[in-house]
Amino acid sequence: MSLSEGTESERLGRRERIDRSRARAWALQVHYRWESSGFQGTLRDALVDTAATRNIASRRLPYIRRLATLLDEHGDEIDKMLAARLDNWSLDRLSRIDRAVLRIGAAELLYQEEIPPKVAIQEAIHLAEAYGGDESPRFVNGVLDALYKERASRT
């Protein structure tokens, strides 16, 4: 085994990180579909519809479901927390992509204890870089960082 291959545990850890990153991208697509449909049903319903027509790797589905469930269960609270950190903006004025990226990042930041906060923010920035506008990464970083700092100051 070469050094670049790493141990079995390291390879599995890399695979899990890649799967989670790709699951986040799928969650973004599901959210976009859900919002584009006029918020019909839940995000889990939108995931079922998406999975019926798209080829999503089965190993990624549990994390996508987890994110959809978190957003379904805590969406109003997440939106309130995000809205409180938007200077001179409102959530409904944001692009669908930026809004979805912020919601996914906030869900991980607030409700996924096994995901380090800095990782949740960095992954949201990556989504914004890949799918958002030119200013999206900086904007997402600023909003989620403010949410993280306020949360950290209360604990």
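For the charge count used here, Lys and Arg are taken as positive and Asp and Glu as negative, while His and the chain ends are left out. On that basis, the protein carries 25 positive and 25 negative charges, and the mean positions of these two sets are 2 Å apart. The model is a predicted one, and its overall architecture is a good place to start.

The protein contains six helices and zero strands. Read from one end of the sequence to the other, the pattern is α-α-α-α-α-α. The radius of gyration is 16 Å, close to the 15 Å that the globule rule gives for 155 residues, so the protein is as compact as a globular protein of that length. The C-alpha trace spans about 55 × 40 × 30 Å along its principal axes.

How the chain comes together can be followed through its contacts. Among contacts with a separation of 6 or more, 67% join residues that lie 24 or more positions apart. Of the 155 residues, 43% are buried. On the outside, the protein exposes about 8,900 Å², and carbon and sulfur atoms supply 49% of this area.

The interior can be explored through the largest nonpolar core, which has 45 residues. Within this core, Ile64, Ile78, Leu82, Val101, Leu144 and Leu147 touch the most other members. Each of the six helices, namely helix 1 (8-36), helix 2 (43-53), helix 3 (61-83), helix 4 (96-111), helix 5 (117-131) and helix 6 (136-154), supplies at least two residues of the core. Val101 offers a helpful example: leaving out residues up to four places away in sequence, Val101 touches Leu28, Ala124, Leu127, Ala128 and Val140.

Two further buried residues deserve a visit. Ser136 belongs to helix 6. Its relative accessible area is 4%, so Ser136 counts as buried, the cut-off being under 20%. Apart from neighbours within four places in sequence, Ser136 is in contact with Asp98 and Ala128. Asp45, by contrast, is 91 residues from Ser136 in sequence, and their C-alpha atoms are 27 Å apart in space. Glu123 is found in helix 5. With a relative accessible area of 17%, Glu123 also falls under the 20% limit and is therefore buried. Glu123 touches Ser21 and Arg24, not counting residues up to four places away in sequence. Glu123 and Arg138 are 15 residues apart along the chain, with 13 Å between their C-alpha atoms.

Other residues show what less cover looks like. Ala83 lies in helix 3. At 37% relative accessibility, Ala83 counts as partly exposed, because partly exposed residues fall between the 20% and 50% cut-offs. Ala83 and Val143 are 60 residues apart in sequence, yet their C-alpha atoms are 9.3 Å apart in space. Asn88 sits in the loop between helix 3 and helix 4. The relative accessible area of Asn88 is 72%, which is over 50%, so this residue is exposed. The backbone of Asn88 also has a feature to look for: its phi angle is near 60°, a positive value in a residue other than glycine.

Technical notes:
Residues numbered from 1 in each chain as written. Predicted model: local features only at pLDDT ≥ 70, side-chain atom pairs only at ≥ 80, totals over all residues. Heavy atoms only, no water. Helix = DSSP H or I, 4+ residues; strand = E, 2+ residues; numbered from the N terminus. Rg over C-alpha atoms; globule rule 2.2 N^0.38 Å. Buried < 20%, exposed > 50% of the residue type's maximum accessible area, 1.4 Å probe, protein only. Contact = heavy atoms within 4.5 Å. Areas by Shrake-Rupley, 256 points an atom, 1.4 Å probe, with all protein chains shown as cover. Charge placed at Lys NZ, Arg CZ, Asp CG, Glu CD. Core = buried A, V, L, I, M, F, W, Y, C linked by side-chain atoms within 4.5 Å.
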